[in-house]
Amino acid sequence: MSLKAVAVYTFLSENKEEISIQENEEVVIFDENTVDGWFQGENSRGERGLFPASYVKIIRTRSNSNMTDCSISPAGSLGNDSSDLPSTPNTSFNSGKIYDEDDYDDWDDWDDRSTVVDDAENFRGPGANGHAYQAQMSNSPNMHYRNKSVSGPDSISSSRKGSMVGRNLNRFSSFVRSGVEAFVLGDVPMMAKIAESYTIEMGTLGPQWKDSPQPFTCSIEDPTKQTKFKGIKTYISYRVTPSHTGHPVYRRYKHFDWLYNRLLHKFTVISVPHLPEKQATGRFEEDFIEKRKRRLVLWMNHMTSHPVLSQYEGFEHFLMCTEDKQWKLGKRRAEKDEMVGAHFMLTLQVPTEHQDLQDVEERVDNFKSFARKMDDSVLQLTNVASELVRKHLGGFRKEFQRLGNSFQSISQAFTLDPPYRSDTLNNAISHTGRTYENIGEMFAEQPKYDLFHMLDKLSLYQGLLANFPDIIHLQKGAFAKVKESQRMSDEGKMDQAEADCIRKRCRTVGFALQAEMSHFHQRREVDFKDMMQAYLREQIDFYQRIVQQLERTLRMYDCL
């Protein structure tokens, strides 16, 4: 039975079996059962083919109401334990997935199937940046809930009737699901002991994350096909070497996926870079393996450059653990981390400098406009570069080959009347033909030296930019609560001290968002400078090599 769905993310097809879908586009799904995490359906332009199940939400009509419930489609038919299958970017733990070769087996020697990431009932769906917000009630001895009847510097009093700021009616908004609403309103459990701390300091352009005390880099090399179970199971292993240890560890894509989902779950207000997408077919083809490695390198570079993400204990465990037993212990510890989502906000140390919330709101609005324009421009450049790649591989190559063949044909024609044949001229024309055929091959090879690397960098930034609307929505929601609480205080429905506490916690959210905006701009300048320099250098080298070939060919005519 066909079902209607709406695209929650943009997907660009990469082969003739797939179709492109745009964010918010309505699509038709022919069969709700996925094929390796892919739906078969039709987009609004009438094109039919495959698209990722995790990129759309099925529109379901409730039988007992006139409302529509948009829920993420379950992958359905693969029968794997959800605790062993990390979710794909920006989906909940029970969402549809694009399955990879690493998704079809359990964690075997890397995991213990008794380890569960989190009980499904403790989540309220994905929040900002793909985060799933954990329910507030906890049995942890380190958590203490605020007494609503007691006023304090960081709590909300309910001693006066009507003093409580209203909750959002939309309980599925990222502001609610991420837990930031609960944090701003003072409903997040206080921790008896907070072992980690992340500092925001004032820089020349505003709030910024404090630099990591031990910066490092990390290489990803040598993707190697390996097998187990006597060749039944095949996978790709990558050698990962952090600079501060120099000791390599070997990781599969699913280990990256596990780390990525822990990052999403923990860091509410940080734009976590997306992992390279999974692929339904051709997972062991050389081109795909090389492309995935390049994009994992960019992902790792962003991770190690981020002052907060690079200090995460789970990331350190991923980079350094070499023993199976220690891996299991570290994995469990990361999955039981209490300082996630809304609780992560408790780990932030913010500056004491005063910031007018109206100025912060204006700065956030400016960044929102910038991010939207940059996102459009990145998509435009991606489309142009992708089209240029197709021309390099097809059109340019064929045109130069046709030109070369034509020169060869002229040379052959000149040999048909021997008395008037000039071998020197014929050889020069024939060589000209071969030169242009070689130039055609050079055009076909060139994208892997420049355009592919540009597309890799653009893909990384498409993912980073896609995270910001939800993160900015968190700040907007916090602003709204501040204004509401101040209005209630002015009307005598809330103590001013309570409104001040909400404003104070909103400042924390604002400082975190501004620090993330600052880091994004810093990395953007470095990354795009490197991208443009690398592209231009490769273009110069490419055309210089063409010039050299043409000059050698030209000199052959000097002997006539």
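Which residue in β12 does Glu201 stand opposite? Glu201 stands opposite Gln208, and that pairing is a good place to begin our walk. The model is predicted, so local features need pLDDT of at least 70 and side-chain atom pairs count only at pLDDT 80 or more, while totals for chains, interfaces and linings use all residues. Residues are numbered from 1 along each chain as its sequence is written, and side-chain values use heavy atoms, with hydrogens and water left out.

Let us start with confidence. Here pLDDT is the predictor's confidence in each residue, from 0 to 100. The chain averages a pLDDT of 79, and 77% of the residues score at least 70. Over residues 63-99 the pLDDT is below 50, although this stretch has 110 contacts in the model beyond near neighbours in sequence; a contact means heavy atoms within 4.5 Å. Residues 130-163 also stay under 50, with 100 contacts beyond four places in sequence. Where pLDDT is low, the predicted coordinates should not be read in detail.

Now back to the strands. Helices (H or I, at least four residues) and strands (E, at least two) are DSSP runs, numbered from the N terminus, and two strands pair if DSSP finds at least two bridges between them. Strand β11 joins strand β12 (residues 206-209) in the antiparallel sense over 4 bridges, and the two form a hairpin with 2 residues between them. β11 also pairs with strand β16 (residues 348-349), this time in the parallel sense over 2 bridges. There, the bridge partner of Tyr198 is Leu348.

Tyr198 has a ring partner as well. Rings of Phe, Tyr and Trp (its six-membered ring) pair if their centres lie within 6.5 Å; planes under 30 degrees apart count as stacked, over 60 as edge-to-face and the rest as tilted. By this rule the count comes to 26 aromatic pairs. In one of them, Tyr198 meets Phe267 edge-to-face, at 6.2 Å centre to centre and 75 degrees between the planes. Tyr198 lies in β11 (residues 198-203) and Phe267 in the loop between α3 (253-266) and α4 (286-305), so the pair ties together parts that are 69 residues apart in sequence. Both Tyr198 and Phe267 are buried, where buried means under 20% relative accessible area, exposed over 50%, and partly exposed in between (1.4 Å probe, protein chains only).

Another edge-to-face pair is Phe542 with Tyr543, at 4.9 Å centre to centre and 65 degrees between the planes. Phe542 counts as buried because its relative accessibility is 0%, whereas Tyr543 is partly exposed, at 41%. Ring pairs link these two into a cluster with Phe396, Phe400, Phe407, Tyr436 and Phe443.

Our next stop is an open sheet of 3 strands, in the order β13-β14-β15 with antiparallel pairing. Its edge strands, β13 (218-228) and β15 (249-252), each pair on one side only. The twist averages 35 degrees from one strand to the next. β14 (residues 233-242) pairs with β15 over 4 bridges, and Ser237 stands opposite Arg252 in β15. Helix α5 (residues 313-320) lies across β13, β14 and β15, running at about 110 degrees to β15; axes are lines fitted to C-alpha atoms, for helices over the stretch in contact, and angles run from 0 to 180 degrees between N-to-C directions.

Finally, look for charges over rings: NZ of Lys or CZ of Arg must be within 6 Å of the ring centre and within 35 degrees of the ring normal. Arg251 lies over the face of Phe318, at 5.4 Å from the ring centre. The charged end of Arg292 sits over the ring of Tyr253, 3.8 Å from its centre.
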